[in-house]
Amino acid sequence: MPQIPHTYRELTVGQLSARSGAAVSALHFYESKGLISSSRTSGNQRRYTRDALRRVAFVRAAQRVGIPLATIRGALAELPEERTPNHEDWARLSRAWRSELDERIKQLGRLRDHLTDCIGCGCLSLETCVLSNPDDVFGGRLTGSRLMPEQGAAGPS
């Protein structure tokens, strides 16, 4: 990993990538989404301040636990003068995000349970499947990959 002399105040995109572990393309993407910012040299090369390392670490940690980029951007924008997040910021934000993550865990549990039902059923019907068509009225009464007339109902011959 390339070492950056302490006298350097700005990092190139390659240095930021090497130090943060994020791909250059990811850094460009983060910048396009307003998560980090750079200045440009007279040769139009990007330069990042050293605090971009902490911002990238913050973004990547939040992404790892499933926080959407829009939510992360909103959190960073709320910081005074869009400063670099610190330990207290992470603690406050992670408390706020906890309920969102708990809800996602519940949703994933429900999806897992329906997936098990789907495997048991074996139909994988796009018309009646609880996973692909959750509000299906027929799915509550019928199963299978095609609609069959109910007993006593007139159907096509």
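These are my notes on helix 1, its packing against helix 2, and the nonpolar core of a predicted model.

Setup: I number residues from 1 along each chain as its sequence is written, and side-chain values use heavy atoms, with hydrogens and water left out. As the model is predicted, local features need pLDDT of at least 70 and side-chain atom pairs count only at pLDDT 80 or more, while totals for chains, interfaces and linings use all residues.

Core: I looked up the largest nonpolar core (buried Ala, Val, Leu, Ile, Met, Phe, Trp, Tyr and Cys joined through side-chain atoms within 4.5 Å) and found 23 residues, with L16, L27 and I72 having the most contacts inside it. Buried here is under 20% relative accessible area, with a 1.4 Å probe and protein chains only. Helix 3 (52-64) gives the largest share, 6 residues.

L27: Beyond four places in sequence, I find L27 in contact (heavy atoms within 4.5 Å) with V13, L16, S17, S20, A22, I36, Y48 and V56.

Helix pair: I checked helix 1 (13-20) against helix 2 (24-32), both DSSP runs of H or I with at least four residues. Their axes, lines fitted to C-alpha atoms over the stretch in contact, come within 9 Å and cross at roughly 105°. The two are therefore roughly perpendicular (65 to 115 degrees). V13, L16, S17 and S20 of helix 1 meet V24, L27 and H28 of helix 2.

Helix 1: I see V13, Q15, L16, S17 and S20 buried, with cover that includes helix 2 and helix 3. Just past the helix, G21 has a positive phi of about 85°.

Note on methods:
Buried < 20%, exposed > 50% of the residue type's maximum accessible area, 1.4 Å probe, protein only. Axes fitted to C-alpha atoms, helices over the stretch in contact; angles between N-to-C directions. Parallel < 35°, antiparallel > 145°, perpendicular 65-115°, else oblique.
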